[in-house]
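Work through the exercises below with the model open. Try each task before reading its solution.

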Amino acid sequence: MKFGYFDDKSREYVITTPQTPYPWINYLGNGDFFSIISNTSGGYSFYRDARLRRITRYRYNNIPLDSNGKYFYIRDEEVLWSPSWKPAKTPLDKYECRHGLGYSKFLGEKNKCRAEVTCFVPDEVNAEIQILKLENLSDKTKTLKIHSFVEWCLWNALEDTTNFQRNFSTGQVEIEGSTLYHKTEFRERRNHYAFYHVNTALKGYDTDREKFLGLYNGLEAPDAVINQTAYNTEAHGWSPIASHFIEVTLKPGEHKELVFVLGYVEVPDKDKFVTNQVINKAPAKSIIEKFDSPAKAYASLQLVVNKWTTLLSAYQTTTPDDKFNRVVNIWNQYQCVITYFFSRSASYFESGIGRGMGFRDSNQDLLGFVHIMPHLAKQRIIDIASTQFEDGGAYHQYQPLTKRGNSDIGGNFNDDPLWLIAAVSAYIKETGDTSILDESVPFDNNEKNKASLFEHLKRSFDHVINNLGPHKLPLIGRADWNDCLNLNCFSNNPDESFQITENKSGGAAESVFIAGMFVKYGKEYAEICQFIKNTKEAQRAEIHVNEMVNAINKHGWDGEWFLRAYDFFGNKIGSHTCEEAKIFIEPQGFCIMAGLGLEDGRANTTLESVHKYLACEHGIVLNYPAFTRYHIEYGEISSYPQGYKENAGVFCHNNPWVIIAETQNGNGDRAYDYFTRISPAHTEDKSELHKTEPYVFAQMIAGKEAFKPGEAKNSWLTGAAAWTFVAASQHILGVRPGLNGLIVDPCIPKQWKEISVTRRFRNAVYNIKVHNPDGKSRGISEMTVDGTLIKGNELPIFNDNNIHEIEITL
Ligand code: GLC
Ligand code: GLC
C-alpha cells in the first residue's frame with residue numbers, strides 16, 4: 001500500500017501522498033452545515049441543500065482534477081507552498097492528510113517549516129473551523145506570508161454554473177476588519193450571507209477573483225501570491241472570493257496558531273440591514289467570538305471526537321480479523337451516518353444538484369443507522385411516509401429542503417412501497433416503539449388527508465397485491481430495485497430519460513425480485529401485526545405471503561436459480577434460455593433472505609450457481625453474461641458497456657444480500673469471503689486499481705467482463721453502506737434486534753475461535769462473547785446470561801441501564 005494506512009486508535013485514515021489514484025474525501029458536518037473535503041483540500045461547503053445553499057464554489061469534472069477548494073499559500077523566502085500540497089503543488093518534505101470522523105487534518109513540511117491545518121464543523125454553529133498551526137523548525141527567525149483562499153458560490157449551484165448573463169453582475173461583498181462577507185442577493189430575497197474570518201489583523205485582503213488571480217492564471221500561481229501582496233479589492237459582480245493576507249513571524253522553534261471561521265448565517269427579514277446596504281453582522285460576530293482562540297477551537301473539536309465515540313459505541317466487535325473490525329467498528333458505521341445525511345446527493349460523483357432523497361434509498365439507509373440514531377430514524381420515517389400516495393405507491397424521490405415528493409420523477413417504481421415496511425420494521429425492532437404506528441401521517445404531504453403510519457404500511461403491502469401480473473407476480477412498473485431494468489420503457493430516443501419517459505401500456509412485465517421482497521417484508525409486516533395484536537390483519541397478510549411463495553415456486557424458479565423477471569411480452573428474463581444475462585443477482589439474494597429454498601435444497605443450488613457464474617475476484621457481478629448490445633425491451637441496463645454499473649458490474653449494494661443468504665444457508669466461510677472481496681479495508685492493497693477511498697464502500701466495482709475489471713466508482717453515497725453493515729453485524733456476527741429481544745445467531749468463518757460484540761440495545765449494554773472451540777460456523781450449543789443458562793438464541797430486553805455479560809459456545 002503506497003498511499004496510506006489505517007490508524008485505528010485515532011480512528012483515522014492517514015494518507016501519505018497527495019497523489020492518490022483519485023481524490024480521497026471526507027465529510028465534515030453537523031446536520032445543517034456541511035463540507036466535503038479531499039486529501040488535497042479540494043471540495044466545497046453548503047448549508048443543508050447542496051444545490052440551493054451552496055456556500056463555496058466547486059467545479060466538477062474540472063481539469064486538473066479536483067481543483068477548487070479552501071486553500072492556504074505559505075511564502076517562506078523563496079519557497080511558495082501549500083500544506084495540503086494543492087494548489088501550489090510544490091513538492092513537500094513531508095505530507096500527511098488524516099481523515100478522521102468529522103474532521104480532516106493536513107500536515108505539510110517544507111524548508112524547515114511545519115504547517116498543520118485542522119478542519120471541522122462544530123455542532124454548535126454553522127461554520128467550518130480551520131486551525132492553522134505554523135511552526136518554525138529551523139534555527140533562524142522566519143517571516144511567513146500567508147494567503148487564504150475560498151471562492152464563493154452564488155448560492156444556487158445549478159444557476160451558478162449555467163446562468164452567466166445574470167451571475168456576472170450580481171456578486172456583492174463587504175469587508176470589515178479581518179472578516180470578508182459574501183452578501184450576493186441579500187439585498188433582495190435572500191436572508192442569508194456567508195463570511196470568512198481569521199482571528200488576527202490583516203496585512204491585506206482580496207475579494208475580487210480576477211485581480212487576486214490574474215485573468216489567465218490558475219490557482220497554483222495567483223498574482224497576489226506571486227507578488228507577495230494583496231490588492232485590497234472589493235468585488236462587484238464577476239466572481240467574489242475571500243482571501244486574507246497575513247504575515248507571521250516565528251523565532252526558531254516557535255509556533256503560532258490562527259483560527260479561521262467560514263460561516264453561514266440567516267437573519268430575520270426585519271433585521272437584515274443596519275443601514276441601507278450595510279448588512280447586520282451581529283449573528284456572524286457571535287459565531288466568531290466562540291472561536292476567537294485556538295483553545296476554544298480545540299475544545300470544540302474534542303466535542304466532535306467525543307460525539308463519534310458515543311455514536312459508535314452502539315455496536316463494537318472484536319474478531320481475529322483487524323480489517324473486519326475496523327470496517328464494522330469505525331468506517332462502515334461512519335459511512336452509514338453520512339448516507340443518512342446525504343442520501344445520494346453530494347459526493348465526488350454526485351454533483352449535489354441532481355438527485356433528491358430516494359424513497360427506497362433513504363429507507364434502506366435507515367437499516368444502517370437506526371441503532372446509532374433511533375430518534376432521527378423516527379423523523380426520517382415520518383418524512384418519507386408523508387410523501388406516499390393514497391394507493392400505497394410512492395414518489396421515487398423527495399426534496400430535502402421542502403420534504404415534498406418530486407413530481408419531475410414521479411412514481412411507479414413498484415418496489416418502493418415495500419422499503420417503507422423494511423424501515424419501520426427495523427425501527428420497531430431496534431426501539432420497541434410501536435407508538436410510531438399510531439402517528440398520523442399525510443398522503444402526498446396533504447395535511448387534510450392523513451392516516452396512521454400503520455395504515456401507510458398496509459397500503460404499501462396492498463400496493464403489491466393490487467398490482468399483480470399474469471403469473472400472479474408483482475408488476476414491475478418503471479423499474480424495481482434495479483433502476484435500469486426498464487421493461488415498459490422501449491426508448492429509442494437518446495434525448496429522453498429511461499426512468500421517467502412515458503411507459504408503453506398494455507404490457508405485463510413482472511418482477512421476481514419484488515416477489516421475494518414481498519415475501520420477506522410481508523412476513524415482517526405480519527409479525528408487526530401479530531405483535532400489536534391485530535391477528536386478523538396478520539392472518540390476511542400471511543395468506544398473501546403464502547400465495548406469493550407459491551407464485552415464485554411455480555413461475556419464478558429456473559431450475560438452478562431464481563428467474564429475474566418477465567418482460568413486457570411475458571418472456572423470461574434471467575433464465576438459462578436467455579441469449580444474454582442468463583442469471584441476475586437480485587432475486588437470488590432476496591428470495592433466500594425471504595426463506596425460499598432453505599428447506600428443499602434450492603437455496604444451496606442457487607448459491608452454487610451464484611458462486612459459479614456471478615462471483616469474481618472483485619465481488620459478485622449483477623448479471624452474467626453481460627448484455628453486449630442494446631435491448632430496447634430491457635431499457636437502461638443494456639445501455640451500459642459490459643461490466644459497468646447495472647450491466648454486470650459488481651454493484652456492491654446487492655452483494656450483502658448474497659452474504660446474508662449464505663449465512664442463512666450456514667456457510668460462514670463463504671459469507672466472510674464475499675465480504676472481503678468488496679470490503680474497503682480488505683481491498684486496501686488494490687487501491688491503485690480500485691482508485692476510490694480504501695475506507696468506504698463504493699457503489700460499483702467494474703465486473704469481470706469489463707474493460708478494466710476491479711476499478712471502483714461512486715464511493716460513499718450508496719446502499720452498500722447500510723447493507724454491508726447489516727450483513728456483517730446482524731448476520732455474520734449475528735447480533736440483531738428482534739421484536740422480543742436481541743437475537744444472537746452468528747455465522748462466522750470456521751477458523752474464528754472467539755469473537756465478541758458489545759451492543760447497546762433498549763437501554764442496556766450486552767457484552768457478548770462467542771467461543772468456537774470446535775471450529776463451527778453456526779449453531780449455539782450453550783448460552784449463559786449473567787451466569788445463568790438460557791435456552792434458544794434470544795436475549796431478553798433488560799431496559800435497566802446495566803451491562804450484561806453473555807457467554808456463548810457454538
Ligand atoms: C442506485 C440507486 C438505487 C438503485 C440502484 C440500482 O444506487 O440509488 O436506488 O436501487 O442504483 O439501480
Ligand atoms: C442511473 C444509474 C443508476 C441510478 C439511476 C438513478 O440509472 O445507472 O445506478 O440508480 O441512474 O436515477
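## Exercise 1: the shell of ligand 2

Ligand 2 is surrounded by Arg355, Asp483, Cys484, Gln499, Glu636, Tyr640, Lys645, Glu646, Phe651 and Gln699, where a residue counts as near if one of its heavy atoms lies within 4 Å. This is a predicted model: local features need pLDDT of at least 70, side-chain atom pairs count only at pLDDT 80 or more, and totals for chains, interfaces and linings use all residues. Residues are numbered from 1 along each chain as its sequence is written, chains are lettered from A and ligands numbered from 1 in the order in which they are written, and side-chain values use heavy atoms, with hydrogens and water left out.

**Task.** Sort the shell around ligand 2 by class, then find side chains that make polar contacts with ligand 2.

**Solution.**

1. Sort first. The shell has three nonpolar, two polar and five charged residues. Here Ala, Val, Leu, Ile, Met, Phe, Trp, Tyr, Cys and Pro count as nonpolar, Asp, Glu, Lys and Arg as charged, and the others, Gly among them, as polar.
2. Now look for polar contacts (pairs of N or O atoms within 3.5 Å). Glu646 has a polar side-chain atom 2.6 Å from an oxygen atom of ligand 2. For Glu636 the distance to a ligand oxygen is 2.9 Å. For Lys645 it is 3.1 Å.
3. Finish with the area. Alone, ligand 2 exposes 300 Å², and the protein buries 81% of that. Accessible areas come from the Shrake-Rupley method with a 1.4 Å probe.

## Exercise 2: the shell of ligand 1

**Task.** Which residues surround ligand 1?

**Solution.**

1. List the shell: Arg344, Arg355, Arg360, Asp361, Trp481, Asn482, Asp483, Glu646, Phe651 and Gln699.
2. Sort it. Six residues are charged, two polar and two nonpolar.
3. Check the side chains. Asp361 has a side-chain N or O atom 2.6 Å from an oxygen of ligand 1.
4. Check the backbone. A polar backbone atom of Trp481 lies 2.6 Å from a ligand 1 oxygen. For a polar backbone atom of Asp483, the distance is 2.9 Å. Taken alone, ligand 1 exposes 310 Å², of which the protein buries 97%.

## Exercise 3: a sheet of three strands

**Task.** In what order do the three strands S34, S35 and S36 lie?

**Solution.**

1. The order is S34-S35-S36, in an open, antiparallel sheet. Strands are DSSP runs (E, at least two residues), numbered from the N terminus. Two of them pair if DSSP finds at least two bridges between them.
2. Mark the edges. S34 (650-651) and S36 (712-715) each pair on one side only.
3. Count bridges. Three join S35 (698-701) to S36.
4. Locate one facing pair: Met700 stands opposite Lys713 in S36.

## Exercise 4: the cavities

**Task.** How many cavities of 30 Å³ or more does a search of the whole structure find?

**Solution.**

1. The search finds two. On a 1 Å grid over the protein atoms alone, a cavity is a set of points where a 1.4 Å probe fits but cannot get out, and lining residues have an atom within 4 Å of a point. A volume is the space filled by probe spheres set on the points.
2. Take the largest cavity. Its space is about 90 Å³. Of its 15 lining residues, Thr683, His690, Thr692, Glu693 and Val696 lie nearest its centre.
3. Take the second largest. Its space is about 60 Å³. Its lining includes Tyr315, His371 and Arg759. H19 (719-732) and S37 (735-737) each supply at least two lining residues; helices are DSSP runs (H or I) of at least four residues. H19 gives the most, with three.

How values were computed:
Polar contact = N/O pair within 3.5 Å; in protein donor to acceptor, adjacent residues only side chain to side chain. 1 Å grid on protein atoms, 1.4 Å probe; cavity = no way out; pocket = protein on both sides within 12 Å on 5 of 7 lines; lining within 4 Å.
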